[in-house]
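Got your viewer open? Load the model below and let's walk through it one selection at a time.

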Amino acid sequence: MAGLFKWLPRKSRQSSNSSRSSADNASPPSPSPHQGQGSNSLASSSVNSAKQTSSTFHVNISSSDSARWKKLYDVCICHSEGDLEFVEQMVYYLESQPECFRCFLQLRDAVPGGAMVSELCEAVQNSHCWVLFITSRFLKDPWCVYQMHQALMEAPMANGRIIPVLKDIDRRDYPRELKCIYYINVTVQEKGFGQVKETVMRYLRELCKNASRSD
């Protein structure tokens with residue numbers, strides 16, 4: 001954890017107003033099957049979900065009254081410091097999309113001088129989704145395991161909010177705490193990043209659609 005004090009240049013937190021200006025012009029993506037457990041079942045479920053969304057009405061997740069803006073971040077990234085370079089590439093990919101996903105990356109976005117645990121808990125509570133970047137380093141790092149447990153406490157039933165991303169580990173090493181949650185295997189970087197985007201989009205669309213129906 002000593003390395004956590006090596007602060008990266010901090011990105012200014014995106015305000016809701018600046019993020020809202022990016023319109024959600026993209027049509028609902030065609031989901032790709034997640035790598036790993038139950039991929040065939042997940043593919044079928046994803047396709048059915050996409051069809052249902054397109055057959056009802058299009059949801060603009062970037063509109064000014066979107067439920068998306070009720071939280072400060074779209075995605076909180078939990079990872080080992082040793083995997084930072086790869087995670088930065090994923091964050092860059094998400095933030096450069098037309099939807100301008102708002103990502104929390106602790107070494108970049110936490111307030112200097114703030115308590116690490118407090119900063120993390122606040123980010124977890126203020127994020128719609130959490131990406132758990134699970135590698136051999138992640139599994140050996142008590143701080144990463146703590147982050148995983150914080151996400152599970154915030155959404156014990158997951159409901160699409162917890163997104164495990166596996167890289168270079170055997171399926172049998174998949175954390176038992178996540179055994180009921182499908183994961184994404186980033187064997188191919190571009191495809192894996194795309195699946196993360198689709199999963200976050202799916203959750204935000206469902207969130208905004210349900211919010212619109214309840215109004």
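Before you click anything, one term: a nonpolar core is a set of buried Ala, Val, Leu, Ile, Met, Phe, Trp, Tyr and Cys residues joined through side-chain atoms within 4.5 Å. Keep in mind that this is a predicted model.

Start by selecting Ile77, Val131, Val165, Val196 and Val200: within the largest nonpolar core, which has 28 residues, these touch the most other members. Now colour the elements that give two or more residues to this core, namely strand E1 (73-78), helix H3 (84-95), strand E2 (103-105), strand E3 (127-134), strand E4 (162-166) and H8. H8 supplies the largest share, seven residues.

Next, zoom in on valine 165. Skipping its neighbours within four places in sequence, you'll find valine 165 in contact with Val131, Leu132, Phe133, Ile134, Ile184, Val186 and Val196. There's also a second, separate core of 27 residues, and Met116, Ala123, Val124 and Ile181 are among them.

Stay with helix H8, which spans residues 189-214, and pick glutamine 195. Is glutamine 195 buried or exposed? It's buried, with a relative accessible area of 1%. Draw a distance from its C-alpha atom to that of valine 165, 30 residues away along the chain, and you should get 9.7 Å.

Last stop: the cysteines. How many disulfides does the structure hold? Zero. Select cysteine 76 and its closest cysteine sulfur, in cysteine 78: the sulfurs are 4.3 Å apart, so they are too far for a bond, given that a disulfide needs them within 2.5 Å. Cysteine 76 is buried at 1% relative accessible area, and cysteine 121 counts as buried too, at 19%.

Note on methods: Residues are numbered from 1 along each chain as its sequence is written. This is a predicted model: local features need pLDDT of at least 70, side-chain atom pairs count only at pLDDT 80 or more; totals for chains, interfaces and linings use all residues. Side-chain values use heavy atoms; hydrogens and water are left out. Helices (H or I, at least four residues) and strands (E, at least two) are DSSP runs, numbered from the N terminus. Buried means under 20% relative accessible area, exposed over 50%, partly exposed in between (1.4 Å probe, protein chains only). Contact means heavy atoms within 4.5 Å.
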